[in-house]
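Hi,

Here is the structure I promised to pass on. Please open it alongside this note; what I found follows below.

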Number of protein chains: 2
Amino acid sequence: MRVNRQVRLRARPNGIPQADHFEIIVAPLPEVGDRQFLIRNDYLSVEPAMRGWVSAIANYSTPVGIGEVMRSFSAGTVVASRHPGFAEGDRVMGMFGWQDYAVSDGSNVTRKVMEADLPLSLSLGVLGLNGVTAYFGLLDLGMPRPGDTVVVSTAAGAVGSAVGQIAKLMGCRTVGITGGPVKTALCREAFGYDAAIDYKAGDIAAALREACPRGVDVYFDNTSGAISDAVLAQLAIGARIVICGTASVASWDPPPMGPRVERQILVKRARMSGLLVFDFAHRYEEAVARLAAWVREGRLTYREDIVDGIEHCPAAIAELYRGENLGKRLIRLVHA
Amino acid sequence: MRVNRQVRLRARPNGIPQADHFEIIVAPLPEVGDRQFLIRNDYLSVEPAMRGWVSAIANYSTPVGIGEVMRSFSAGTVVASRHPGFAEGDRVMGMFGWQDYAVSDGSNVTRKVMEADLPLSLSLGVLGLNGVTAYFGLLDLGMPRPGDTVVVSTAAGAVGSAVGQIAKLMGCRTVGITGGPVKTALCREAFGYDAAIDYKAGDIAAALREACPRGVDVYFDNTSGAISDAVLAQLAIGARIVICGTASVASWDPPPMGPRVERQILVKRARMSGLLVFDFAHRYEEAVARLAAWVREGRLTYREDIVDGIEHCPAAIAELYRGENLGKRLIRLVHA
């Protein structure tokens with residue numbers, strides 16, 4: 001008899017969720033009702049935004065309830081269907097949660113994965129929300145022009161590495177900020193950054209001055225904190241700052257103090273915009289089509305860091321924030 | 001024999017310039033060369049931006065040099081001309097400095113004042129940079145939609161009062177933040193704000209919650225500091241923040257600390273933009289024409305606070321930052 005292992009939220013964290021905020025429960029396989037279908041999850045995603053999803057403070061989504069299955073993007077295969085729009089064998093990506101199986105009526109499906117020639121796992125990374133976030137954040141909010149200097153924080157990450165490569169495809173000079181020599185090498189060698197700065201190696205302001213002699217035209221920010229303070233001090237006139245994530249800040253309750261940005265925003269006539277990729281849901285297919293074409297042409301590369309087994313889920317968010325992964329962190333499920 | 005009194009910068013302030021940073025010098029009347037003309041200044045402007053113009057730290061204009069005439073907008077009359085484009089009797093507004101007379105080749109003229117039916121002084125206020133700043137800052141960066149809640153800091157000031165009224169003309173709900181009962185009454189009664197908040201009267205967060213039950217869609221900010229912190233905590237989804245000035249911060253060297261804004265910008269998908277009105281120089285006439293029409297129709301009102309005599313210049317910037325003026329502060333020159 002098949003069962004459904006689920007990772008449920010056990011306690012609400014203040015800050016980054018740790019392994020003991022979750023527990024793994026063995027539940028019965030769900031029934032498939034009329035106009036429903038059963039998804040077997042093949043890959044579960046782990047992403048920085050999950051911190052926000054379990055946070056009690058005001059946010060852009062209802063917090064996951066205590067005792068509920070952890071919300072996540074997952075990619076899987078339809079294994080049974082009573083729904084006219086989904087057939088057995090269809091590959092789907094959506095909000096199926098950290099569990100083996102999910103019943104769906106289609107409303108939590110982000111998209112059917114039609115790129116049959118490419119691995120399903122990409123639908124959670126470079127062809128998933130990470131790639132789409134990079135695409136719309138950089139192009140629609142960052143508005144890069146050829147010759148612009150584009151700085152990316154968490155430059156080797158799933159979003160950042162795509163931002164850097166897309167900026168390069170747009171004719172920009174790209175500067176990646178990341179932690180440690182392995183990731184800076186990855187930035188230069190795999191993701192084509194013109195310069196890579198190791199924020200753990202010392203004077204980030206001096207490194208930025210050297211890498212951005214004409215200032216920073218676009219800053220794609222995944223970190224906030226001291227890294228952002230250094231970048232904001234070196235904006236060019238008319239700079240665009242895209243706030244995509246705040247990975248370096250452990251807790252926003254209350255917000256930590258930092259140097260006020262208003263004067264720099266004013267003097268540089270800069271623009272700081274918050275990015276939520278869900279606002280672009282009506283345009284996902286446009287982005288995925290373009291990203292997939294770049295992947296097929298070998299112009300957009302990616303790294304995956306896949307671990308096997310649902311038992312890796314509880315600690316996975318904290319590991320992500322410690323920067324332990326090299327590439328998009330996915331959990332691959334091993335089904336009996 | 002006519003002379004030229006000039007207010008010169010004597011010492012460089014760190015922060016808000018005080019009376020003793022200036023001195024008044026009596027200079028000879030300047031010669032009018034070929035393709036030049038002589039302007040008799042009738043009104044000298046005083047504005048918050050002057051703090052930046054004398055600051056040594058990086059800014060959007062070259063600092064006024066020690067011993068130089070204080071940079072200012074002035075409005076005056078051409079009293080002698082050897083320039084084909086300017087005739088005796090023309091009324092002009094531009095960067096003529098804090099002095100009785102200025103020789104010009106036309107390059108420092110912002111505009112000829114063609115609204116012969118309206119007082120010349122308006123060319124330094126509601127039909128000058130203040131009005132134009134309000135116009136482009138609100139409409140182009142703030143992008144108000146009918147029904148939006150628009151919050152304005154220094155709401156009774158020369159810029160703020162125009163912002164509030166233009167927002168009202170656009171069909172918005174307007175909330176002004178200002179200091180003291182006289183100015184809040186002015187906001188409600190003269191400038192038509194739906195609500196006026198006295199930031200000196202106590203709990204600004206509670207007052208904002210009451211005045212903005214659906215959150216803040218547009219924040220036109222002239223203050224920075226604690227007032228902005230309170231407004232930013234109550235943004236609506238998709239809010240636009242226009243940074244026009246930072247009047248409440250005495251010194252930016254180094255920048256003071258405040259609560260980090262990144263998370264709120266991200267979660268609310270807000271946009272914070274810096275406004276420098278000079279970036280809109282090619283569109284001034286569009287703004288002035290529309291503002292003048294509103295003034296003539298009685299739909300846009302203004303307050304002027306005019307003092308007579310150049311000897312009021314040295315202390316005028318500090319007085320402005322203490323909020324002592326009620327309306328646009330101008331110095332009217334009394335010529336011998």
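An open sheet of 12 strands runs across both chains of this predicted model. Its order is β10(A)-β9(A)-β8(A)-β11(A)-β12(A)-β14(A)-β14(B)-β12(B)-β11(B)-β8(B)-β9(B)-β10(B). Pairing within the sheet is mixed. At the edges sit β10 (195-198) of chain A and β10 (195-198) of chain B, each with a pairing partner on one side only. On average, neighbouring strands in this sheet are turned by 15 degrees against each other, direction ignored.

One pair to look at is in chain A. Strand β8 (residues 149-153) and strand β11 (residues 216-221) of chain A run parallel, joined over 3 bridges. There, V150(A) is opposite V218(A) of β11(A).

Now the helices. In chain A, helix α6 (residues 225-232) lies across β8, β9 (173-178), β11, β12 (235-243) and β14 (271-274). Its angle to β11(A) is about 170 degrees. In chain B, helix α2 (residues 129-142) lies across β8 (149-153), β11 (216-221), β12 (235-243) and β14 (271-274). Helix α2 of chain B runs at about 145 degrees to β11(B).

How is chain B superposed on chain A? A rotation of 180 degrees does it, with 0.0 Å of shift along the axis and an RMSD of 0.0 Å. The two copies are therefore related as by a two-fold rotation axis. The interface fits that picture: 100% of the interface residues of chain B are also interface residues in chain A, so the copies meet through the same surface.

Best wishes

Note on methods. Residues are numbered from 1 along each chain as its sequence is written. Chains are lettered from A and ligands numbered from 1 in the order in which they are written. This is a predicted model: local features need pLDDT of at least 70, side-chain atom pairs count only at pLDDT 80 or more; totals for chains, interfaces and linings use all residues. Side-chain values use heavy atoms; hydrogens and water are left out. Copies are superposed by least squares on the C-alpha atoms of residues with pLDDT of at least 70 in both. Contact means heavy atoms within 4.5 Å. Two strands pair if DSSP finds at least two bridges between them. Helices (H or I, at least four residues) and strands (E, at least two) are DSSP runs, numbered from the N terminus. Axes are lines fitted to C-alpha atoms, for helices over the stretch in contact, and angles run from 0 to 180 degrees between N-to-C directions.
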